[in-house]
Protein chains: 2
Amino acid sequence: MARPRSFDTDVAIDKAMQVFWTHGYEGASLPDLLDGMGLTRGSLYKAFTDKKTLFLKVLAHYEELAVNAGVALLTDPAIPSGADRILTMFTNSYKAVTDGDQRGCLLCTAAAGPSMYDDEIAAVVTQGLSALRDGFSHALLASPQHEGLSDADRHAVADMLLAQYVGLRTMARARIPDEMLHNSVRSVGLMLA
Amino acid sequence: MARPRSFDTDVAIDKAMQVFWTHGYEGASLPDLLDGMGLTRGSLYKAFTDKKTLFLKVLAHYEELAVNAGVALLTDPAIPSGADRILTMFTNSYKAVTDGDQRGCLLCTAAAGPSMYDDEIAAVVTQGLSALRDGFSHALLASPQHEGLSDADRHAVADMLLAQYVGLRTMARARIPDEMLHNSVRSVGLMLA
DNA sequence: TGAGTTATGGACTAATTGGTTCCGAAGCTA
DNA sequence: TAGCTTCGGAACCAATTAGTCCATAACTCA
């Protein structure tokens, strides 16, 4: 028995994610967010408390969307070879760049920025990265070339792949020549083969 | 025939580098810089024009210092195996973290941040990263395991190593568990062997 | 048709941002 | 000593920052 919200919070969070994805946490100003989300200050603060709380919601949304999609790919039984899954993941990241998406990975950008000085944000970011790492590790289980690896070694390789992924997506933001990104991906393929 | 500068600009730039290294370009405020450099607004603007110009000087200084040190290591004939040089480079990055230096790499942080929207900054950053890439490539020339590689393939592996490096140093900033960083480095060693 | 409740939009605030412009004093050279 | 420049420091500036407040609009339920 009150005035209903005139917007869908989930849609608003998704729009906010686009803004943060492009500009990063500190690079996204309130006007940027208001503009991208199509609402006014009053509504935003009523619905999302403050910028940081909104960002935490956005991070959760990003994990549901992008991170889970990555993990789904890495654990997709429809692609029998784990190495192929991993390579597809990297290839997709490269394709995003050539398709004009230079935003990289929201998590990776956050990891590099000052927002990591915030404990709550840091916790969510590291959790997301860990999920990816576990995805890589899971994929390696389905890779004949890595069957002999001990659990510890397999996790270690997964950690390396995560660093590779963070590096690739960070460089994607950095207007690095496409060729270098392509080479990275190609070499990952060679390494896994 | 005028009053000489009471501070050494090179020292001031080095101090500014520490501030930018810790906080990043946009994270470093004027008061932060003034404080870290031990000068007042008037002196800073007289000597360095503005924040961005100072940052460009700092980037150049960082390249002379950190990037050149890395390239020197990667091309050090005293370490006969190129793979060893590369692994030492990664090990050093890991050691920095366990020694309490969580600042990562100034270049990598800049690459992830909004300062990359500035053309001049972007140019210097990509140039620095390219120098590292060339260093990796040079080291691979001295690696028996990579002797059979064509020039193109060797460059591709170097690009992968650069992405690995950027990822590692980005994650170093991100309070990722030390073990994951250590695993990454260990796996790089296994991959190169 | 009210009463109650919540959302909206925009004005407003306080702090901070990078940057400028004074100043008198100090330090150098010719 | 005259002329020049830099010094420290504060005052100042316009723009931008995140965040608050409140009158009003819009809804539900009795």
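Colleague: Which helix makes the largest share of the surface near DNA strand C?

Modeller: H3(A) does, with five residues. A residue is near a strand if its C-beta atom, placed from the backbone, lies within 6 Å of it. Helices are DSSP runs of H or I with at least four residues, numbered from the N terminus. This is a predicted model, in which local features need pLDDT of at least 70 and side-chain atom pairs count only at pLDDT 80 or more, while totals for chains, interfaces and linings use all residues. Residues are numbered from 1 along each chain as its sequence is written, and chains are lettered from A and ligands numbered from 1 in the order in which they are written.

Colleague: What else surrounds DNA strand C?

Modeller: There are 26 residues around DNA strand C, and A:Ala2, A:Arg3, A:Gly42, A:Ser43 and B:Lys51 are the closest. Two or more residues each come from H3 (41-48) of chain A and from H2 (30-37), H3 (41-48) and H4 (51-74) of chain B.

Colleague: What makes nine residues of that surface near DNA strand C count as charged?

Modeller: Asp, Glu, Lys and Arg count as charged; Ala, Val, Leu, Ile, Met, Phe, Trp, Tyr, Cys and Pro as nonpolar; the others, Gly among them, as polar. By that rule the surface near DNA strand C has eleven nonpolar, six polar and nine charged residues.

Colleague: Which helix gives the largest share near DNA strand D?

Modeller: H3(B), with five residues. DNA strand D is surrounded by 25 residues, the closest being A:Arg3, A:Ser29, B:Ala2, B:Arg3 and B:Gly42.

Colleague: How do you know that the two copies are related as by a two-fold rotation axis?

Modeller: Copies are superposed by least squares on C-alpha atoms of residues with pLDDT of at least 70 in both. A turn of 180 degrees with a shift of 0.0 Å along the axis lays chain A on chain B with an RMSD of 0.1 Å. The copies are therefore related as by a two-fold rotation axis. In chain A, the C-alpha nearest the axis belongs to A:Gly167, 1.8 Å from it.

Colleague: Why do you say that the copies meet through the same surface?

Modeller: Because 98% of the interface residues of chain A are also interface residues in chain B. Two residues are in contact if their C-beta atoms, placed from the backbone, lie within 7 Å. The contact takes 40 residues from chain A and 39 residues from chain B. On the side of chain A that touches chain B, H8(A) has the largest share, 14 residues.

Colleague: Why is B:Thr49 called exposed?

Modeller: A residue is exposed if 12 or fewer other C-beta atoms, placed from the backbone, lie within 10 Å of its own, buried if 20 or more do, and partly exposed in between. B:Thr49 has 12 such neighbours, so it counts as exposed. B:Thr49 lies in the loop between H3 and H4 of chain B. Its phi is positive, about 70 degrees, although B:Thr49 is not a glycine. Most residues other than glycine have a negative phi.

Colleague: What makes B:Arg175 partly exposed?

Modeller: B:Arg175 has 17 other C-beta atoms within 10 Å, so it is partly exposed. B:Arg175 sits in the loop between H8 (151-173) and H9 (178-192) of chain B. Its phi, near 50 degrees, is also positive in a residue other than glycine.
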